[in-house]
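Visitor: I have not seen this structure before. Please show it to me, and then explain the terms used for it.

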Amino acid sequence: MTRAPDDVLPARILIVDDERQIHASVRLRLGSDYEIVSCYDAPEALERLQRDRFDLCLADIHMPRMDGLAFIQEAQRVDPALGYVVLSAFDTEDNLRRTIPLQVFDFIGKPLPEREGFEHRIPEWIARTRQQRRDRQLNEKSRTVAQELATSQLAHEAEIAASETARDALLQTANLLTTIHAHLVTATTLFAPRVKADPTLAHLLRNLDEARKTADAAVSVADGFFNSAYASRDSAPAFVAAGLQHAIDIARRMSRADEANKLVDATAFDPATVARNLSGIEFLLMMVPAIGVALAVTRPHHTVRLEARHLPRLDAALKEPTARQFLWLNRKHAALSQPGVQIVIDTAAPALDRSDFETWLKGEPSPFSSIAARGLVAGLQKSHALLGSALAPAAQAFRLVLVLPV
């Protein structure tokens, strides 16, 4: 079953408490499995919530400047979907009564309880927050259900077009595109002499020429598909080398990279290597958005570099010196002892912002909304692959790293 996009993102927990020993204790007990962010008073935490999104918040009650329950009330206006667990050494009747309308997940006494009452419950609390986010998003999307259905239908038709059953319809469309292109070439040729006699018609000739170029690009896309190894059936193996080259071609056409003189430089790779648990089409749908984002951030007249290499184990990618600057998705699968292939996509553009990157993966509005990430997320989930992204401000330059089992 396909999971939600945020399930591949590492969980982030916000700790709001004025006692440093609580922060140290929580970090010691949870830091190896979750990303822990510490705030020592409520105003600092509210400011952090304005910038970042979390999967759980652990908040003390008695703090200077603003108590924990007042903080939760304010924080719910900033992030209505975030779940809260109250920490307090004073579980008085008044405190318990004040937590009821806030609908917190639980009230945990200090000192923190044993694993059964704390660590073992963290995944459940995180899952509840993420479910609340999904429920709210579905609520908001209900207002534009017609548009969502149309988009979904278009994506579904595109996937069908990649299968053998739709090949004949695609071939007919390609033939029609070829005919349209031929007519436009003829019309442009016949119309050009009239422009010399009447310069006021120049804008019409420019429009015809643009239509011819667009038809030419469409014919090129169709030819590329029918000449590829993926045109015959959607169950073709995911050959990494051939799939990367085809994904580069598609991403360059979709981003109109030639017009901005953006290049992709890819190193040669073993043509026999196959990515596990993916069909050729699924590998394409995974790689096109990854390369497309790189082309989107690349400045004109610059190059995107793409390199693939074998890894003895998936977790070898996490041991590289620069790996600490990365946000890693599906990191839990790095423990698998199987070999992999590492695909590095980088360019001399600024590193991605974490918020923009996460919202793009979730399909929410972002600077990259025109590049659908659904195929990338689905491929990560199905193949148990890892995705790492260099993030500002720790990293200076754009880099994506995909690690797939082979």
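Guide: What follows takes up helix packing, nonpolar cores and one buried residue. This is a predicted model, in which local features need pLDDT of at least 70 and side-chain atom pairs count only at pLDDT 80 or more, while totals for chains, interfaces and linings use all residues. Residues are numbered from 1 along each chain as its sequence is written, and side-chain values use heavy atoms, with hydrogens and water left out.

Visitor: Why is H2 called roughly parallel to H3?

Guide: The axes of H2 (residues 42-51) and H3 (residues 68-78) cross at roughly 10° and come within 10 Å. Angles under 35 degrees count as roughly parallel, so H2 is roughly parallel to H3.

Visitor: Which residues of H2 and H3 meet?

Guide: Ala42, Ala45, Leu46, Leu49 and Gln50 in H2 meet Phe71, Glu74, Ala75 and Val78 in H3, where contact means heavy atoms within 4.5 Å. Seven of the residues in this contact are nonpolar, one is polar and one is charged.

Visitor: What makes glutamine 381 count as buried?

Guide: Buried means under 20% relative accessible area (1.4 Å probe, protein chains only). Glutamine 381 has 9% relative accessibility, and therefore counts as buried. This residue lies in helix H12 (residues 374-383).

Visitor: Which residues have the most contacts inside the largest nonpolar core?

Guide: They are Ile343, Ile345, Leu402 and Leu404, in a core of 49 residues. A nonpolar core is a set of buried Ala, Val, Leu, Ile, Met, Phe, Trp, Tyr and Cys residues joined through side-chain atoms within 4.5 Å. Helix H10 (residues 280-297) gives the largest share of this core, ten residues.

Conventions. Axes fitted to C-alpha atoms, helices over the stretch in contact; angles between N-to-C directions. Helix = DSSP H or I, 4+ residues; strand = E, 2+ residues; numbered from the N terminus. Parallel < 35°, antiparallel > 145°, perpendicular 65-115°, else oblique. Nonpolar A, V, L, I, M, F, W, Y, C, P; charged D, E, K, R; others polar. Buried < 20%, exposed > 50% of the residue type's maximum accessible area, 1.4 Å probe, protein only.
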